[in-house]
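Biologist: I'm new to this structure, and I'd love a close look at one part of it. Could you choose a good place to start and walk me through that part and its surroundings?

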Amino acid sequence: MTSPWDPAQYGRFSNERTQPFLDLLAMVAPVPGGRVVDLGCGTGELTRLLHDRTAAAETVGVDSSETMLANSAPFAGGGLRFEQADIETYSPGIRFDVVFSNAAYQWVPGHETLIPGLTALVAPGGQFAFQVPANDDHASHVVAREVAAEEPYRTALGGHARTWPVMKPEWYAETLDALGFVDLNVRMQVYGHHLESTASVVEWVKGTYLTDYARRMPAELYERYLVRYREALLARLGERSPFFYTYKRILVHARRA
Ligand SMILES: C[S@@+](CC[C@H](N)C(=O)[O-])C[C@H]1O[C@@H](n2cnc3c(N)ncnc32)[C@H](O)[C@@H]1O
């Protein structure tokens, strides 16, 4: 499977997508001279901001997508580097003062094992910070799954149904508390975006959620899927201009004792 991540498509709503990153970054205390990792760093533009704001000596941006990392070179340097690796199997043999991730863990199944596993990367006294979308129940995502269950997409997807591993905010709080983390700050935030029209939601979802279907269908069939998705979504939400798109996200920050 080639990487379906397209930096240009993802970047179309960069202002809206940057705000949650900034909100998460504001929860992180600087670690002058320390070591930071950004898991699922994407193109690395925001990792640069993370590196500069935390005043770390060393920051590693980790991503599994070669297309996203292909754009990272201009942001590297001064202690910031990028590595192609999978969050699920990332095992650098060192611990970090900040284990950070913005909008990536929703792509990794099994948070019951993922989250405890990742906390092992946090050095004593270090910070564990991440943001995950929690908008799976919005029509934008519900309709995407409904259309994927229609033929001929269902057969092309081999019965694959997009599952959503993101847990409730309280689950992350309970899990981190049980793991001995302190100073927990776990919040659910509704971000509101005034998009040009209802159809703009298709462009938004194409940049992230639908990449899962794009990678599993031939290009021509995926184009047909998009036409059908757009039609079904506009029927569900109504054709409005502008369209107010609400997007729930969970932000988590905690410190290892
Ligand atoms: C929505 S983008 C977020 C990028 C960046 N953190 C930001 O805030 O702009 C999600 C990123 O997670 C990466 N990703 C998804 N699953 C991954 C995995 N299992 N291991 C590493 N990276 C992954 C994707 O390649 C993509 O670049």
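Modeller: Happily! One definition before we start: a helix here is a DSSP run of H or I with at least four residues, a strand is a DSSP run of E with at least two, and both are numbered from the N terminus. Please also keep in mind that this is a predicted model.

Let's look closely at the sheet. It is open and built from seven strands, in the order 3-2-1-4-5-7-6, with mixed pairing. Two strands sit at its edges and pair on one side only: strand 3, residues 80-84, and strand 6, residues 181-195. From one strand to the next, the twist averages 15 degrees. As background, strands of a sheet pair through backbone hydrogen bonds, in either a parallel or an antiparallel way.

Both kinds of pairing can be found here. Strand 4 and strand 5 run parallel and share six bridges. One pair to look for is Asn102 with its bridge partner Gln131 in strand 5. Strand 6 and strand 7, in contrast, are antiparallel, and 13 bridges join them. There you can pick out Met188, whose bridge partner in strand 7 is Ile250.

Strand 5 deserves a pause. Nine of its twelve residues are buried, so this strand is mostly covered. The largest nonpolar core has 38 residues, and those with the most contacts inside it include Val36, Val98, Phe100, Ala129 and Val252. Strand 5, residues 122-133, supplies the largest share of this core, five residues. A second core, separate from that one, has 16 residues, among them Ala148, Tyr153, Val202 and Val205. In soluble globular proteins, nonpolar side chains tend to be buried together. To see the larger core from one spot, centre your view on Ala129: leaving out residues up to four places away in sequence, Ala129 touches Leu24, Met27, Val28, Val98, Phe100, Val252 and His253.

Now turn to a helix that lies over the sheet. Helix 3, residues 45-54, lies across strand 1, strand 2, strand 3 and strand 4, and runs at about 160 degrees to strand 1. Which of its residues are buried? They are Leu46, Thr47, Arg48, Leu50, His51 and Thr54. These buried residues pack against the four strands just named and also against helix 2.

Follow the chain out of helix 3 and you reach Ala55, in the loop that leads to strand 2. Ala55 has a positive phi of about 60 degrees, although it is not a glycine. Ala55 is partly exposed because 13 other C-beta atoms lie within 10 Å of its own, between the limits of 12 for exposed and 20 for buried. Ala103, in the loop between strand 4 and helix 5, also is not a glycine and has a positive phi of about 60 degrees. Ala103 counts as buried because 20 other C-beta atoms lie within 10 Å.

Next, visit the loop before strand 7. Ser241 is found there, between helix 11 and strand 7, and so is Pro242. The peptide bond that joins Ser241 to Pro242 is cis, with omega near 0 degrees. Ser241 is exposed, since it has 10 other C-beta atoms within 10 Å. Pro242 counts as exposed too, because it has 12 such neighbours. Even so, both residues have contacts beyond their sequence neighbours within four places: Ser241 touches Glu196 and Ser197, while Pro242 is in contact with His194, Leu195, Glu196 and Ser197. Although Ser241 and Glu196 are 45 residues apart along the chain, their C-alpha atoms are separated by 5.8 Å. Another cis peptide bond joins Glu151 and Pro152, with omega about 5 degrees; Pro152 is in the loop between helix 6 and helix 7.

Finally, look at the ligand. Twenty residues surround it, and the closest are Gly40, Gly42, Ser64, Ser65 and Trp107. By class, this shell has ten nonpolar, six polar and four charged residues.

Methods. Residues numbered from 1 in each chain as written. Predicted model: local features only at pLDDT ≥ 70, side-chain atom pairs only at ≥ 80, totals over all residues. Near = placed C-beta within 6 Å. Nonpolar A, V, L, I, M, F, W, Y, C, P; charged D, E, K, R; others polar. Pairing = 2+ DSSP bridges. Axes fitted to C-alpha atoms, helices over the stretch in contact; angles between N-to-C directions. Contact = placed C-beta atoms within 7 Å. Core = buried A, V, L, I, M, F, W, Y, C linked by C-beta atoms within 7 Å.
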